[in-house]
Amino acid sequence: MLIAADKFKGSLTAVEVAERVAAGLRRAAPGVEVESLPVADGGDGTVAAAVAAGFERREVRVAGPLGHEVTAAFALRGDTAVVEMAEASGLQRLPAGVFAPLTASTYGSGELLRAALDAGARTIVFGVGGSATNDGGAGMLSALGARFLDADGEPVPPGGGGLDGLVTADLSGLDSRFADVDLVLASDVDNPLTGPTGAPAVYGPQKGASPDDVAALDESLAHYAKVLETAIGAKAAQYAAAPGAGAAGGIGYGALVLGARFRPGIEVMLDVLGFASALDRATLVITGEGSLDEQTLHGKAPAGVAAAARAEGREVVAVCGRLALRPEALGRAGIRRAYPLTEIEPDIAKCISDAGPLLERVAENIGRDFLV
């Protein structure tokens with residue numbers, strides 16, 4: 001039995017989900033062998049999943065999205081590092097109820113990448129998602145040695161809003177170690193940088209951007225990419241249109257400028273976490289996340305786990321707080337059956353507040369259905 005589930009956002013971490021599911025399974029079948037492999041798709045919780053799989057947690061002081069210093073973590077095993085941009089530049093780093101769509105910066109994410117390099121990493125999995133930012137990775141690149149200057153030769157203000165005054169982009173000072181590093185951009189979204197499906201239009205409102213802010217950010221990021229053409233040539237425009245460029249407020253674009261290669265986050269994480277070997281030992285796989293819905297089918301962790309398990313002939317069931325997929329959609333994704341908390345407790349608020357005990361009861365039902 002392999003538990004490979006993501007977090008229930010706002011309720012349980014992926015590690016806690018695995019613990020609760022295991023407890024429920026053992027209640028139904030005390031002798032069952034259970035292996036836990038918490039997973040993530042590149043967004044918040046990615047470092048925690050790596051640490052649970054045996055990576056060492058490393059902490060460093062970096063700039064948060066508003067410039068205040070925060071303690072952020074990355075994960076390291078051998079010469080492979082897992083860096084999560086949300087640790088430095090995520091929404092959770094903003095004060096409650098505060099958004100800064102025009103001024104939040106990814107500078108701290110660049111500091112995290114530099115810390116991974118300093119620790120000896122030669123492969124860096126850069127998980128992006130859950131960002132508070134819309135700066136196209138300009139802050140990150142600045143932390144790594146780039147200079148973004150206005151008409152007076154002064155640095156432009158932090159955040160995507162300040163990029164409208166950008167005149168010169170000087171990338172000559174970028175950390176040269178990236179030439180010898182395999183940098184993997186791991187994301188569950190494949191949006192371009194700008195346009196109707198770009199970072200500001202699709203994700204800006206989630207970060208507090210008004211319609212006017214969205215329009216201003218889209219224009220600023222398009223201008224930013226145009227100025228970068230002077231620095232690195234036509235590939236600046238190619239990167240802006242590439243899948244993943246719009247991830248996490250456009251930090252994906254900055255990563256592509258650094259030389260990253262884009263891969264779906266869950267595929268990367270399954271490789272890094274050793275999912276294939278764990279799957280070899282399993283007869284049934286339990287995956288899941290807080291809400292199983294249409295987004296799940298487009299690159300989220302449960303879909304990736306189910307696809308990999310189905311390819312090896314393993315049966316998959318899912319746990320979730322809320323289920324918004326029909327059985328035929330689940331079947332196409334490789335999930336035989338889903339077990340939502342709402343089957344036990346219809347009140348969503350109670351599902352969120354009491355997710356742990358409810359999940360144990362759900363897992364006990366799985367145990368009875370498949371193990372007894």
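An open sheet of six strands runs in the order β3-β4-β5-β6-β9-β10, and its pairing is mixed. The strands at the edges are β3 (56-63) and β10 (261-264); each has a single partner strand, so one side of each is left without a neighbour in the sheet. Neighbouring strands are turned by 30° against each other on average, direction ignored. Strands of a sheet pair through backbone hydrogen bonds, either parallel or antiparallel. Here two strands count as paired if DSSP finds at least two bridges between them. The strands themselves are DSSP runs (E, at least two residues), as are the helices (H or I, at least four residues), and both are numbered from the N terminus.

This is a predicted model, in which local features need pLDDT of at least 70 and side-chain atom pairs count only at pLDDT 80 or more, while totals for chains, interfaces and linings use all residues. Residues are numbered from 1 along each chain as its sequence is written, and side-chain values use heavy atoms, with hydrogens and water left out.

**Parallel strand pairs**

The table lists three pairs of strands with their bridges.

| Pair | Bridges | Direction | One pair of residues |
|---|---|---|---|
| β9 (182-187) and β10 | four | parallel | V184 opposite R261 |
| β1 and β11 | two | parallel | L2 and V285 |
| β11 and β12 | eight | parallel | G288 and V319 |

Strand β11 is mostly covered, since seven of its nine residues are buried. Buried means under 20% relative accessible area, exposed means over 50%, and partly exposed lies in between (1.4 Å probe, protein chains only).

**Helices across the six-stranded sheet**

Helix α9 (residues 247-258) lies across β6 (123-127) and β9, and runs at about 160° to β9. Helix α10 (residues 265-273) lies across β4 (69-77), β5 (80-84), β6, β9 and β10, and its direction makes an angle of about 85° with β10. Axes are lines fitted to C-alpha atoms, for helices over the stretch in contact, and angles run from 0 to 180 degrees between N-to-C directions. Contact means heavy atoms within 4.5 Å.

One residue of helix α9 is A248. The phi of A248 is near 55°, a positive value in a residue other than glycine. At 10% relative accessibility, A248 counts as buried.

**Helix α1**

How far apart are the end C-alpha atoms of helix α1? They are 22 Å apart, which agrees with the 21 Å that the 15 residues of α1 (residues 14-28) should span at 1.5 Å a residue. The expected span is 1.5 Å times one less than the number of residues.

The residues A14, V17, A18, V21, A22, G24, L25 and A28 of α1 are buried. They cover an arc of only 165° around the axis, which puts them on the same side of α1. The arc is that of the directions from the helix axis to the C-beta atoms. What covers these buried residues includes β1 (2-3), β2 (35-36), β11 (284-292), β12 (315-323) and α15 (355-370).

**Cysteines**

A disulfide is a pair of cysteine sulfur atoms within 2.5 Å, and by this rule the count comes to zero. C320 is in no disulfide; its nearest cysteine sulfur, that of C351, is 9.6 Å away. C351 is likewise in no disulfide, and its nearest cysteine sulfur is that of C320. C320 is buried, with a relative accessible area of 0%. C351 also counts as buried, at 5% relative accessibility.
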